There are 2 protein chains.
Amino acid sequence: MSRLRGSVTIDDVARHVGVAKGTVSRVLNNYTDISEATRKRVLAAVQELGYQPSATARNLKRGRQDTLGIVIPVGHGSGADPFLSEFIDGIARALDELGLDLLVTTAHSREHMIETVKRLIARRKVDGFIVTRTEVDDPRIAYLREHNFPFVAHGRTRDPSGYAWFDIDNEAAFADGVRHLYSLGHERIGFIGGPMELNFALQRRDGYRQGLEALGVAHDPELETLQLLTEKGGFAGAEALLSLEAPPTALLCATDALAIGAVQFCRKFGLKVGADVTIVGYDGLPVGEYLDPPLTTFSQSAQEAGGRVARMLIDVLDGKNPTDLQALATANLIRRASDGAPANSSEALASALRDRLNQQPHSGRKGE
Amino acid sequence: MSRLRGSVTIDDVARHVGVAKGTVSRVLNNYTDISEATRKRVLAAVQELGYQPSATARNLKRGRQDTLGIVIPVGHGSGADPFLSEFIDGIARALDELGLDLLVTTAHSREHMIETVKRLIARRKVDGFIVTRTEVDDPRIAYLREHNFPFVAHGRTRDPSGYAWFDIDNEAAFADGVRHLYSLGHERIGFIGGPMELNFALQRRDGYRQGLEALGVAHDPELETLQLLTEKGGFAGAEALLSLEAPPTALLCATDALAIGAVQFCRKFGLKVGADVTIVGYDGLPVGEYLDPPLTTFSQSAQEAGGRVARMLIDVLDGKNPTDLQALATANLIRRASDGAPANSSEALASALRDRLNQQPHSGRKGE
DNA sequence: TAAGTCAACAAAATCGGTTTCGGAGATCGA
DNA sequence: TCGATCTCCGAAACCGATTTTGTTGACTTA
């Protein structure tokens, strides 16, 4: 592979000025025991030669990399998560201001992910980790804690004590969502969720249940379905719930991707979203605004979250107590046009859909 | 900041086995002048102690980082480009197989971008660069070439000679698009493009013009509009073109984001996309499938492109001649449902729209 | 049997910085 | 005037690997 650039080293600068290299280093690192005259000459030479210290050499001595790591999960061929790309953007922006860099790797499985974490730590390529998409029992967090390696989690785990995290109050958001739908007049409210290993999926489902309970509405297990967090999953989820004897008139979805799939199901069977069926997502993806109808959703700024988490990690590296670095943010409901008062009762919806499902037997997708 | 982990070094291994550390290094790097017995003992100790060489120390000596860099442009507050996130995903996957890592940084301006490139090179944090979103005259590429630093571009520049690149044949795709629309019966075909500094935007516009010329259709400058590459830009572009005296019945858009905005404009003014107005995008974003109607678009697999570019860069680092590493791929038209034969003539479309624009003076959005 | 070869490894140099240690002058205090 | 203190900086150790050079004993070869 490529050889090192013929770049200028600290020795070149030292020789050019006629001082020891240690002196150059001290000038550059703002030591106080340097005379003004020497400082100026060194700085001039640095300028003239265009010297920049080698990060590698400095890291070796300092035992620090000025680099943070993130391992992003990539599904089975499914595309990248749009949430994550904004999240990374936010991290990178925050780090840029501090002169740190971000090392991004991907992992296609749980095992691969932890293996990558281990490798990056063992080879000392990063100073700390940002863990995303926390699981209820997260092996990455277990590993990092066990090895006392600095990290910050975006999202909590079952036991959220003893480490730094930033999370959204998912329970509150979904309880809120239920309340909102109920106040619009919905009495049967469905929930399309994700895999229960994912902590946020669990939290959102719990929030849904808590919301019902707070309203004194009996929880009907039939109205809950768990799917993969993709548009296809949302389609399947809507199909499952709306085909019930007594279908929900509103669907609360754990993510925007699910909601988009659910909207597609309704479109396919001629149900008017926002009237016949209300659909609410979560993520605030920009594209939601351009759907038909524009998607009502909970928004969290992924970019802001990224910046926040990055700064928290810096704090951890600076020696702050991780336990003091735990923050909970609120997600806000952005009302657009996919929610509204129910146009029909659950029974009417059921019969309308029954007709349509018969007319247009569940063939492959059409018109596309 | 954090101190180095109390991790096991090559000296620990050497001491444990009772050999010189050079011997351990040679075992690990498969030198031949090591007896089988020693090799085994060293390997056993490595296993037992869980030793992994420090990337930093190795890099210092070898002058190589096993890390590639990418600088992604981030708009003025606008979110991350969904294309880029899949692209990065593709890169990371390819690198993972080779044990390399990817350093991701963001830049909010042209200056910032080149400054970041300089810093990463000077501090020797990366071995090579992947340049995305090439501009017609790209300062990054000029810099990298001038300093003879290894890189691969995703997209070409005005002068595409002398460096490695991977690009899509944008001209061919858009010429093809024009032909397709013409064969559907469209005679006035509009083009919504992006800033002409971006090379792909230029290529796509040229392809549009070439397509018209090949068909012997006169090129009407009025039917071309350039916008920012966002949904808002698409909305504005559609507005500009459809408000013409003689509006186009089909809109060819340089990106999916533009197309999505154009679709929204049509929806807002009651124009049926795929009949009243045909809209074709470019990018093949997954979300296009879930729009109403599903978006007809040119697809290029961002992920595949990422992998491809990464492997090309490895080749460059391995000393291959960059000039031999230039590849052009074809984009395929994915027909979904936003294109079709024109339901009305340009005149009919114009008068229909005139009525609607008057009726519904440019108010905020409505619940559809 | 002495000189030459070779296998297998130890020792030391090296990469490019940071940091510790210590020493030469200048300055200060008594 | 002389030791004590400072100021400023050179010299060298050090970080943890890789790579070069050198050494030793065993084995050939003449």
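**Exercise 1. Classify the accessibility of A:R188 in this predicted model, and then describe the salt bridge that A:R188 forms.**

Step 1. At a relative accessibility of 22%, A:R188 counts as partly exposed, since the buried class requires a value under 20% and the exposed class one over 50%.

Step 2. The side chain of A:R188 meets that of A:D220 in a salt bridge, with an N to O distance of 3.0 Å. This pair links distant parts of the chain, 32 residues apart: A:R188 sits in the loop between α8 (170-184) and β6 (189-193) of chain A, and A:D220 in the loop between α9 (199-215) and β7 (224-226) of chain A.

Step 3. A:D220 also has a relative accessible area of 22%, and is therefore partly exposed.

**Exercise 2. Determine whether B:D167 and B:R156, which meet in a salt bridge, are buried or exposed, and locate both residues in chain B.**

Step 1. The side chains of B:D167 and B:R156 approach to 2.8 Å, taken from N to O.

Step 2. B:D167 belongs to strand β5 (residues 164-168) of chain B, while B:R156 lies in the loop between β4 (151-154) and β5, so that the pair links parts of the chain that are 11 residues apart.

Step 3. With the limit for burial set at under 20%, B:D167 is buried at a relative accessible area of 5%, and B:R156 is likewise buried at 14%.

**Exercise 3. Place the salt bridge between A:R64 and A:D66 in the context of the whole structure.**

Step 1. In the A:R64 and A:D66 salt bridge, the closest N and O atoms are 3.4 Å apart, and A:D66 is buried, with a relative accessible area of 15%.

Step 2. Over all chains, a search of the whole structure finds 34 salt bridges.

Step 3. Salt bridges can also join into a network, and one such network links A:D101, B:R119 and B:K125.

**Exercise 4. Describe the protein surface near DNA strand C, and name polar contacts made there.**

Step 1. DNA strand C is surrounded by 28 residues, of which A:I10, A:S25, B:T23, B:S35 and B:T38 are the closest. By class, this surface has 11 nonpolar, 9 polar and 8 charged residues.

Step 2. Among the atoms of DNA strand C within 4 Å of the protein, 61% belong to sugar or phosphate, and the rest to bases.

Step 3. Two contacts reach phosphate oxygens of DNA strand C: a polar side-chain atom of A:S25 lies at 2.6 Å, and an N or O atom in the side chain of A:N29 is found at 3.3 Å. A base nitrogen of this strand, by contrast, lies 3.1 Å from a polar side-chain atom of B:R26.

Step 4. The elements that give two or more residues to this surface are α2 and α4 of chain A together with α2 and α4 of chain B.

**Exercise 5. Carry out the corresponding analysis for DNA strand D.**

Step 1. Here 28 residues surround the strand, the closest being A:T23, A:T38, B:I10, B:S25 and B:S54, and the surface has 11 nonpolar, 10 polar and 7 charged residues.

Step 2. Of the atoms of DNA strand D within 4 Å of the protein, 59% belong to sugar or phosphate, with the rest in bases.

Step 3. Base nitrogens of DNA strand D lie 3.1 Å from an N or O atom in the side chain of A:D33 and 3.4 Å from a backbone N or O atom of B:A57, whereas a polar side-chain atom of B:R58 lies 3.2 Å from a phosphate oxygen.

Step 4. In both chain A and chain B, α2 (21-28) and α4 (55-62) each supply at least two residues of the surface near DNA strand D.

Definitions and conventions:
Residues are numbered from 1 along each chain as its sequence is written. Chains are lettered from A and ligands numbered from 1 in the order in which they are written. This is a predicted model: local features need pLDDT of at least 70, side-chain atom pairs count only at pLDDT 80 or more; totals for chains, interfaces and linings use all residues. Side-chain values use heavy atoms; hydrogens and water are left out. A residue is near a molecule or strand if one of its heavy atoms lies within 4 Å of it. A polar contact is a pair of N or O atoms within 3.5 Å; within protein, one must be able to donate a hydrogen and the other to accept it, and residues adjacent in sequence count only if both atoms are side-chain atoms. Helices (H or I, at least four residues) and strands (E, at least two) are DSSP runs, numbered from the N terminus. Ala, Val, Leu, Ile, Met, Phe, Trp, Tyr, Cys and Pro count as nonpolar, Asp, Glu, Lys and Arg as charged, and the others, Gly among them, as polar. A salt bridge is a side-chain nitrogen of Lys or Arg within 4 Å of a carboxyl oxygen of Asp or Glu. Buried means under 20% relative accessible area, exposed over 50%, partly exposed in between (1.4 Å probe, protein chains only).
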